[in-house]
Amino acid sequence: HVELQGLSDPDIVAVARREQRAIVTTNLRDFRPIHVELITPGGAGHAGFVFVPISYRLTKAEAGRFVAALQTKLAAFPGDLALAAV
């Protein structure tokens, strides 16, 4: 989303939580501590993080294909816990 450009990491997480969206990122250094804080007992929780190894060098085109593949998988397994057993 263009409207997300320039937002801080916590602001991106807030938008993702509000819209029930997972975050796909290669930025493990910055987002992992946020992830841990959110899943700690009493934390606010989140809809998901997909951490892609930085060595993968995810281009915008590849990110689009990656997200499309995730959407296809989620459509095949609807429900909050449907992917937990996959």
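This report walks through a predicted model of a protein chain, from its overall layout to a few individual residues.

## Overall layout and confidence

Let's begin with the fold as a whole. The protein chain contains three helices and two strands, and along the sequence these elements follow the pattern α-β-α-β-α. Of its 86 residues, 14% count as buried. Among contacts between residues at least 6 apart in sequence, 43% join residues at least 24 apart.

How far does the predictor trust this model? The chain averages a pLDDT of 83, and 90% of the residues score at least 70. Confidence is highest in helix 2, with a mean of 92, and lowest in helix 3 (residues 60-76), where the mean is 83. As a friendly reminder for anyone planning to use the coordinates, they should not be read in detail where pLDDT is low.

## The two sides of helix 1

Helix 1 spans residues 9-18, and Val13, Val15 and Ala16 are buried in this helix. These residues lie on the same side of helix 1, because they cover an arc of only 160° around the axis. On the face turned away from that buried side, you will find the exposed residues Pro10 and Arg18.

What do the buried residues of helix 1 pack against? Their partners are strand 1 (23-25), helix 2 (28-39) and strand 2 (49-51).

## Helix 1 against helix 2

A pair of packed helices is described by the angle between their axes and the distance between the axes. For helix 1 and helix 2, the angle is about 50° and the axes are 11 Å apart. The two helices are therefore oblique to each other, and helix 1 passes helix 2 in a right-handed crossing.

It is worth looking at the residues that form this meeting point. Helix 1 brings Asp9, Pro10, Val13 and Arg17, while helix 2 brings Asp30, Phe31, Ile34 and Leu38. Val13 thus appears twice in this account: Val13 is buried in helix 1, and Val13 is also among the residues that meet helix 2. Pro10 likewise takes part in the meeting with helix 2, although Pro10 is one of the exposed residues on the face turned away from the buried side of helix 1.

## Gln20, just after helix 1

Which backbone angle stands out at Gln20? Its phi is positive, at about 55°, although Gln20 is not a glycine. For context, most residues other than glycine have a negative phi.

Gln20 follows helix 1 and sits in the loop between helix 1 and strand 1. Is Gln20 buried or exposed? Gln20 is exposed, with a relative accessible area of 62%.

## Ile54, in a later loop

Ile54 belongs to the loop between strand 2 and helix 3. This residue is exposed, with a relative accessible area of 64%.

Ile54 also takes part in a pairing across the sequence. Ile54 and Thr26 are 28 residues apart in sequence, and their C-alpha atoms are 5.1 Å apart in space.

Terms used:
Residues numbered from 1 in each chain as written. Predicted model: local features only at pLDDT ≥ 70, side-chain atom pairs only at ≥ 80, totals over all residues. Heavy atoms only, no water. Buried < 20%, exposed > 50% of the residue type's maximum accessible area, 1.4 Å probe, protein only. Helix = DSSP H or I, 4+ residues; strand = E, 2+ residues; numbered from the N terminus. Arc of directions from axis to C-beta. Contact = heavy atoms within 4.5 Å. pLDDT = per-residue confidence, 0-100. Axes fitted to C-alpha atoms, helices over the stretch in contact; angles between N-to-C directions. Parallel < 35°, antiparallel > 145°, perpendicular 65-115°, else oblique. Left-handed = near helix turned anticlockwise from the far one by under 90°.
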